[in-house]
Amino acid sequence: MPKGTRRAFSRLAAATAFLGSLAFGLPAHAYPDKPVTVIIAWAAGGATDVVTRALEPVLAEKLGANLVIRNITGAAGTIGTAEAAAAEPDGHTILITPAGPITTQPHLRELPYDLSSFDAVGRINITPMLMMVTKESPYQTLDDIIGASKEKPGSVKFASTGAGTLPHISILALNQAAGIDTKHVPFQGSANVMQALLGGVVDVFSDQAQLVPQYELHPVAAWADERLPEYPDVPTVKEGGYDLSFANWLGVFVPTGTPEDVRAQLEEALKATLETPSIVEALEKMKLTISHMNGEELAAFAKAEHERNGKLLADAGLKK
Amino acid sequence: MDSLWLLLTPATMAAILLGTVFGVVVGALPGLGSVLAITIVLPFTFTMDPVPAIALVLSVYCSSVYGGSVSAILINTPGTPQSAATTLDGYPMTRRGEADLALGWATMASLIGGLFSTVVLIIAAPQLARIALRFGPIETFALICLALTCIAGVSRGSMIKGILAGLLGLFLATVGTDPMTGSVRFTFDVFALSGGLGLIPVLVGLFALGEVFSRMAERHGGTAQIEGRVGFKLAPLGEWLLRWKTLLKSSLIGTFVGILPGTGAATASFIAYSEAQRSGRYKERLGTGEPEGIVASESSNNAVTGGALVPTLALGIPGDPTTAVLMSALIIQGIQPGVRLFIDNPEIINAAFIALIICNLVMFVVGALSAPLITRVLRMPEPLLLGMVLVLSVVGSYGVGGKLFDVLVTLVAGVAGFFFRVCGVPVAPIVIGMVLGPIFEESLRQGLILTDNDFSVFFSLEHPIALGLITVTFLILAWSAWTEVAAARERRAAA
Amino acid sequence: MRVGVRDTSFGAVMLAAAGLLWLETGRDAYQEGGVLGYGFDPAFFPRILIVLWSAAALLLILRSVVLWDKDAPEPRWGMAGLAVALTGLYVLLIGKIGFLFASMAFMALLMPLMGYRRLPVLLPVAVLFPIAVWYTFNFLLFIPLPTSPWFVRL
C-alpha cells in the first residue's frame with residue numbers, strides 16, 4: 001500500500017502540476033509537445049487495457065510525455081481503431097491493439113480503415129493459441145476430434161468468441177485443412193466459453209494457453225510451428241499433419257503518414273519500455289511473454305497475418 | 001485468524017475507507033458505474049500488496065452498487081442500471097419530503113443484502129458454483145424468460161404500454177453487431193451505430209434528460225420546491241420487521257441471480273421488485289413511495305455482489321463485466337481465481353471474505369455520514385439542480401465509452417423519454433429489455449444451434465431446469481394477466 | 001389532451017416504426033446467417049420482436065377507443081422544445097469548443113430559461129461547477145474530456 005499511495009499521490013501531483021502549466025497551443029516544437037493519446041478499442045479492464053495501463057508509466061517516462069489512455073469501445077474493436085486511423089498523424093495518437101481489428105475485421109465488413117491505414121511501431125508480445133478440452137472429454141487428441149467429425153459430421157462442438165475472431169478462424173482453418181464438418185457455437189468472451197466448456201455444452205476451444213492451467217483443462221494441441229516451451233508434451237497441430245499456426249499478439253501502431261523521426265522515437269521508447277525489469281515482471285504476472293518486434297518487422301508480420309486471415313475467411317464464404 | 005491480522009493493517013483499512021467513499025461517489029454519478037469505478041482504481045492496485053489491493057477493489061465494488069441508489073432516490077436518476085428499480089419508490093418518497101428516510105431504508109437494505117450474500121459466499125461457494133455450471137444456453141434462455149416477466153410487474157396499470165416499452169428495449173439491444181454472425185443490423189449506414197446503443201447512454205437519457213425535460217415542461221411553472229428534511233434516518237425496527245419477508249426474499253433472489261451467469265444486479269433488482277409487488281405486505285402501495293420497494297431493489301442488488309463472487313472466485317468465471325474487471329485485478333496480483341484458489345490460497349480467500357464483511361459495514365457508515373451532506377442538493381433551487389444534472393448526465397454518458405456519439409444517443413433517448421412520460425409509457429421496462437436483450441437473443445440462438453433448430457427440446461425433460469423455469473414463467477404471466485383484468489374490472493365497477 | 005388521441009397516435013407511431021424496421025430486415029445483409037453453417041440469420045430474432053411489438057401497438061390503439069374521452073395533462077410544448085434545442089446545441093458545442101466552455105455557456109443559458117435569474121448565484125455556479133466536473137474527470141478519474149481547439153487540455 002505505501003508504494004500505491006505514493007504512486008497515487010505522485011499522479012495527483014503530476015496532474016496538478018500539469019494544470020498549472022496549461023498553455024496556449026504552441027507552435028509545433030520537438031515531438032512530443034503535448035500529452036500522447038493512447039487509444040484502446042476495448043473496455044477498461046480488458047486484456048489489452050490492462051497491459052496498456054501496466055506499460056503506461058514507463059512508456060510515458062521513456063517518451064518524455066504524459067500518456068492519456070482513451071477507451072473507445074464497440075463493434076469488436078473497430079470503432080476505436082477507426083478513431084485512431086482518422087487521427088492526426090503526428091505521433092500524438094497511438095493505437096495499441098490485438099490482431100483482430102486490423103487483420104480480420106477489415107475482411108468481414110465495410111470499415112472506414114484497413115491495415116494500410118496504420119504504420120507499425122512495434123510488437124509487445126505474442127502468445128500461441130492452444131486447442132483445449134476438459135479432462136473428462138471423450139476427445140483427448142487431435143485425431144479423436146477429426147475421427148469423430150469424419151464419422152458423424154457436426155458431432156463435435158467447437159466454441160469461439162464470436163464470428164471472425166481468431167478462435168473462429170482457427171476452426172475454419174481446421175475444417176478446411178482436414179476436410180471435416182464441426183459445429184461452431186459463438187460466445188461473448190472467453191469467460192462465457194469456459195462456463196460452457198466446463199458445463200459440457202461445447203467440446204473444444206482454442207485460445208490463449210494460460211486458460212489451460214487456470215481452468216484445469218487438457219491441452220490437445222498447440223497452434224504453433226514448434227512445441228511451446230511451457231507445454232513440451234503437447235504436440236503441435238503441424239505434427240498432426242496440418243500446417244496451421246495462430247497466435248494472439250499486441251502491437252503498437254500510429255496512423256499512416258506519421259513522420260519518420262517521430263516513429264523512430266516511439267519505436268525507441270517502446271523497446272526501452274519492454275526491456276525495463278519492472279515491466280517484464282508485471283507482464284509475467286499476467287502470463288504474457290514479451291516478444292518485441294520493431295516497426296519494420298511488425299509491418300511485415302501483420303501484413304502476412306492480414307493476407308492469411310483474408311484468404312481463410314474468403315474460403316469460408318465470410319469475406320465481405 | 002491469521003487472515004484477520006492480514007486485514008487489520010492501517011494500509012488495508014485506509015484502502016477500504018478510500019475505496020468506499022470513491023465507490024459511493026462514482027456509483028452516484030449518473031452514467032458512471034461499478035465497472036468504471038473498479039477500472040479507475042485498477043492501476044493503483046498494480047503496486048499494492050495483495051490483501052489491501054483486494055480490499056480496495058471489493059470496497060469499490062460493493063459501494064458503487066450502493067451509490068447508484070443515492071441519485072435514484074434524490075433526483076430520480078439511477079446512478080447505475082442496478083438502481084433503476086429504486087427510483088420507482090425512492091423518488092416518490094423524496095417528493096413527499098422523506099428523502100432522509102428513503103436513504104435510511106436503502107442503506108440498511110444494501111447492508112443486509114450485502115452481508116447476507118457474503119455469508120452465503122463464505123459457507124457454500126464451491127458447492128454453489130457447480131450450479132452455475134449447469135446453466136447452459138438453454139437454461140439461461142429459460143431464466144431470462146422468467147426475468148422478463150418483471151416487465152409485467154413494473155408496468156402495472158399500463159400493461160400494454162409496459163410490454164411495448166419492454167419490446168422496444170429488447171429491440172434496441174439488437175442494434176449494432178449481431179453477436180452470432182458479426183454482421184451489422186439497423187445501423188442505417190451510420191458507422192458509429194455498429195457498436196450498438198450503449199445501455200448507459202440510453203439509461204441516462206431516458207431517466208435524467210427525460211426527467212429534466214418533462215419537469216421544465218410541467219404546467220405549474222416547474223419550480224415547485226421540494227420541502228424535505230435533509231439528513232439520514234433509519235426507520236424503527238418494527239417497520240423493518242413488517243417487511244422482513246421481502247428483505248429475506250430479495251436477498252435470496254439477489255444472491256441466486258448473482259451466482260447464475262449472464263445476468264446481474266440490474267436483473268436481480270427488477271425481479272425482486274416484481275416479486276415484492278406479487279407477494280409483499282404492502283404490495284398495493286408499491287410504486288407510490290413505499291419503503292418495501294426500496295428494500296426489495298436495494299437488498300437484492302447488493303446481494304448480487306456476494307453471489308457474483310461465487311463463480312468468479314470458485315470457478316474463475318465472472319458472470320458480468322463488473323466481476324470480470326474485478327477478476328483481472330486479482331490476476332494482476334498473481335492470484336488466479338478458479339478451482340484451485342480455495343485449496344492453494346486459503347489465507348487470501350479468508351482475507352477477502354472478511355474484507356467483504358468490513359466493506360459492507362464501512363459502506364453503511366459512509367452512507368449514513370454522507371447522507372446529511374448529499375441530501376442538501378434538495379435544498380438547492382431546482383433550476384440549479386437540473387442544470388447540474390444535465391451537465392453530469394452528458395459527461396457521464398461520454399465517460400463510459402469515450403465517444404461523443406454516446407452523448408448524441410443520450411440526447412435522443414432524452415427526447416424519447418420525454419415523449420414516453422407525456423404518453424404515460426413507463427420507461428423502466430425499456431431498461432429491463434436492454435439489459436436482458438443481448439443475453440436473451442444469444443442464448444436462444446446458441447440453444448437452437450445446439451439442438452439443430454429444434455425449439456421443442458427447450459421444453460423437454462432433457463433440460464429439467466429450463467422446463468421448471470419456463471413453467472414458473474407461465475404461472476407468473478397467467479397470474480399477472482389475471483390480476484390486471486381483475487383490477488380493471490374493479491376500476492370499472494367503482495366508476 | 002384526450003387520452004384516446006394520445007394513445008392512438010403513440011400506437012400508430014410505434015406501428016409505423018415496426019413496419020419500416022420490418023422492411024429493413026428484408027435486406028440481403030440480414031439473411032447471411034447461412035455461412036456459419038448452423039443457426040438462424042441475423043433477422044430471425046428482431047423479426048419476432050417486431051411482430052410482438054406490432055401486436056402490442058394494435059392492442060393499444062384498440063384500447064384507446066374505449067378510454068377515448070379521458071383527459072391527460074398536456075405539457076408546455078414550447079418550453080420542452082426550447083430545452084431540447086438548447087441541450088442539442090450544447091452537445092454540438094462540446095464537439096466544437098470542448099466540454100468546459102460549452103458547459104459554462106449551457107448552464108448560464110439554461111438556468112435563466114427555467115426561471116432562475118439571481119445572477120450572483122447563477123454565474124459562479126455556471127463557471128465553477130463545470131470546472132469542478134472537468135477537473136474531476138481529467139485528473140481524478142483519468143477520463144479525458146473533449147477539448148477546444150485552442151488549448152491542450154481544456
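**Which domains does the domain assignment give for chain C?** In this predicted model, chain C gets domain 1, covering 3-66, and domain 2, covering 77-140. Take the C-alpha atoms of each one, find the two centres, and you'll get a separation of 38 Å between domain 1 of chain C and domain 2 of chain C.

**View 1. Chain C and its UniProt spans.** Here we zoom in on the stretches that UniProt, in an unreviewed entry, labels "transmembrane region": residues 50-68, 80-109 and 121-143 of chain C. Look at residues 80-109 of chain C: the span is 100% helix and 0% strand, and its end C-alpha atoms lie 15 Å apart. Now try residues 121-143 of chain C, where the end C-alpha atoms are 29 Å apart and the span is 87% helix, again with 0% strand. As for confidence, chain C has a mean pLDDT of 87, with 94% of its residues reaching 70 or more. Among the elements of chain C, helix α3 (residues 77-113) has the highest mean pLDDT, at 92, and helix α1 (residues 3-25) has the lowest, at 90.

**View 2. Where chain B meets chain C.** This close-up shows 51 residues of chain B in contact with 55 residues of chain C. Which elements of chain B give two or more residues to the side that touches chain C? They are α9 (159-172), α10 (199-216), α18 (382-401), α19 (404-422) and α20 (428-450) of chain B. The top contributor is α18(B), which gives twelve residues to that side. Sort the chain B side by class and you get 35 nonpolar, nine polar and seven charged residues.

**View 3. Two helices crossing in chain B.** Keep α20(B) in the picture and add helix α7 (residues 137-148) of chain B: their axes come within 8 Å and cross at roughly 145 degrees. The crossing of α7(B) past α20(B) is left-handed. On the α7(B) side, the residues making the contact include B:Phe141, B:Ile144 and B:Leu148. Their partners on α20(B) include B:Leu436, B:Phe440 and B:Gly447. How many nonpolar, polar and charged residues does this contact have? The tally is eleven nonpolar, four polar and no charged residues.

**View 4. The two domains of chain A.** Chain A splits into domain 1 (33-126 + 248-315) and domain 2 (128-222). Their C-alpha centres lie 28 Å apart. Where the two touch, domain 1 of chain A puts in twelve residues and domain 2 of chain A puts in eleven. On the domain 1 side, the elements giving two or more residues are α4 (99-108) and α11 (295-315) of chain A. Of the elements on that side, α4(A) gives the most, with five residues. By class, the domain 1 side has five nonpolar, five polar and two charged residues.

**View 5. How confident is the predictor about chain A, and where is that confidence lowest?** The average pLDDT of chain A is 83, and 89% of the residues score at least 70. Within chain A, helix α1 (residues 2-20) sits at the bottom with a mean of 44, while strand β8 (residues 218-222) comes out highest, at 94. Across residues 1-28 of chain A, pLDDT stays under 50, and the model has 30 contacts beyond four places in sequence for them. Where pLDDT is low, don't read the predicted coordinates in detail. Zooming back out, the model scores ipTM 0.93 and pTM 0.86.

Terms used: Residues are numbered from 1 along each chain as its sequence is written. Chains are lettered from A and ligands numbered from 1 in the order in which they are written. This is a predicted model: local features need pLDDT of at least 70, side-chain atom pairs count only at pLDDT 80 or more; totals for chains, interfaces and linings use all residues. Two residues are in contact if their C-beta atoms, placed from the backbone, lie within 7 Å. Helices (H or I, at least four residues) and strands (E, at least two) are DSSP runs, numbered from the N terminus. Ala, Val, Leu, Ile, Met, Phe, Trp, Tyr, Cys and Pro count as nonpolar, Asp, Glu, Lys and Arg as charged, and the others, Gly among them, as polar. UniProt positions are given in the numbering used here, feature names are shortened, and annotations may be inferred rather than shown by experiment. Domain bounds come from an automatic or database domain assignment. Axes are lines fitted to C-alpha atoms, for helices over the stretch in contact, and angles run from 0 to 180 degrees between N-to-C directions. A crossing is left-handed if the near helix is turned anticlockwise from the far one by less than a right angle, and right-handed if clockwise. pLDDT is the predictor's confidence in each residue, from 0 to 100.
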